[in-house]
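Student: I'd like to learn how to read a ligand site and a sheet. Can you walk me through one?

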Amino acid sequence: MQPSDKALVPFVSVNNMMRLIHHIGVERMIIEIAAQIEDDFKRWESFDKTPRIPAHSPHGVIELMPTSDGEAYGFKYVNGHPKNTSEGLQTVTAFGLLADVYTGYPTLLTEMTMLTALRTAATSALVGKYLAPKNASTMAMIGNGAQSEFQCLAFKAMCGIDTVRLYDIDPAATAKCAANLQGTGLKVVSCRSAEEAIEGAQIITTCTADKKYATILTDNMVGPGVHINAIGGDCPGKTELHRDILLRSDIFVEYPEQTRIEGEIQALDPDHPVTEMWQVITGQAEGRRDDRQITLFDSVGFAIEDFSALRYVKRAIEGTEFFEPLDMLADPDDPRDLFGMLMRAR
Ligand SMILES: NC(=O)c1ccc[n+]([C@@H]2O[C@H](COP(=O)([O-])OP(=O)(O)OC[C@H]3O[C@@H](n4cnc5c(N)ncnc54)[C@H](O)[C@@H]3O)[C@@H](O)[C@H]2O)c1
């Protein structure tokens, strides 16, 4: 017997996600996901929100990130294991699911390792659009791992960056990133220190992975007027910036309840003032005030961004070949005859 339509869940494999991204184009897809995130941040109050649910171990963290707007429900499974790259594995892998709140039936299952890189870059550049200095042209990219090229391309596509200055403690990572960015239209400068990378940069992105309170930037390195896009500090005990930088910056966050646990601001008092990005996007709070202000996006990654990306993918695959129907739900013709369905399958 064939399962009913609702029982067949569209599944986007890694291979199909890569085909979809090439079909749309990396930069265009980042821009379109950013637009979806911006729309969803504008209706922030209509979402269920909770800090993500972590399972910490000495090896890393595994997290669930749920949210719902009352019509659709989504979650992402994601891990963070900085030690993985030394074993030939990814630091971050992810998959996610959308469901229909009315029936509770899933409507999409998809890989999200690629999609997370796109949505993180989309979020960073969206925030950069609001906070980075006008006419910014150069970005320092510190940490040249899996997320880095996506970050560079997002800031090129959405914030007008034409030069990136790369630095990683591992020169092989910088060489990989520089090679991957060849032919993208970005001028790429490989640097030997974080100090060298930030020379002349109006935007500084930190995207490193280490399970500790790291100090990628110290206070004396950060001049007035820059925008810092801090991606890598996203777990208790895992930060990138010296506390003094935080004290000189205006700090912008996704969802304070989660960022205070996971972000750079875990180093500050629990009532240290921060501005929520959805309020900047809706015009209820001020973004960049002047040329000398240091703006800091203390990014940790929030469930609504994944929800936006999931809904984007669900629409994007409609009528295409970039998914396969997955026989994922047992859905007997007589809803109460689950046992009969099992017996008929003998
Ligand atoms: N905020 C978000 O939404 C979000 C989303 C995805 C990933 N992340 C985080 O971003 C970070 C990077 O992720 P990734 O997938 O690119 O990881 P990755 O392991 O592929 O790359 C991290 C890079 O950082 C480098 N690095 C480590 N310590 C450094 C230092 N002191 N100075 C310079 N470089 C250093 C490593 O050599 C490596 O090349 C991780 O910490 C991850 O948890 C955040």
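Student: How many nonpolar, polar and charged residues does the shell around the ligand have?

Tutor: The classes first: Ala, Val, Leu, Ile, Met, Phe, Trp, Tyr, Cys and Pro count as nonpolar, Asp, Glu, Lys and Arg as charged, and the others, Gly among them, as polar. Here the shell has 10 nonpolar, 10 polar and 5 charged residues. Mind that this is a predicted model: local features need pLDDT of at least 70, side-chain atom pairs count only at pLDDT 80 or more, and totals for chains, interfaces and linings use all residues. Residues are numbered from 1 along each chain as its sequence is written, and side-chain values use heavy atoms, with hydrogens and water left out.

Student: Which residues are the closest to the ligand?

Tutor: Thr91, Asp168, Asp234, Lys238 and Ser299 are the closest of the 25 that surround the ligand (a heavy atom within 4 Å).

Student: What lies 2.7 Å from an oxygen atom of the ligand?

Tutor: An N or O atom in the Lys238 side chain. Backbone N or O atoms join in too: Gly232 sits 3.3 Å from a ligand oxygen, and Ile169 is 3.4 Å from a ligand nitrogen.

Student: And in what order do the strands of the open sheet run?

Tutor: Strands are DSSP runs of E, at least two residues, numbered from the N terminus, and two pair if DSSP finds at least two bridges between them. The order is β2-β3-β4-β5-β6-β1-β17, with mixed pairing. β2 (53–57) and β17 (324–327) are at the edges with a single partner strand each, so one side of each has no neighbour in the sheet.

Definitions and conventions:
Polar contact = N/O pair within 3.5 Å; in protein donor to acceptor, adjacent residues only side chain to side chain. Helix = DSSP H or I, 4+ residues; strand = E, 2+ residues; numbered from the N terminus.
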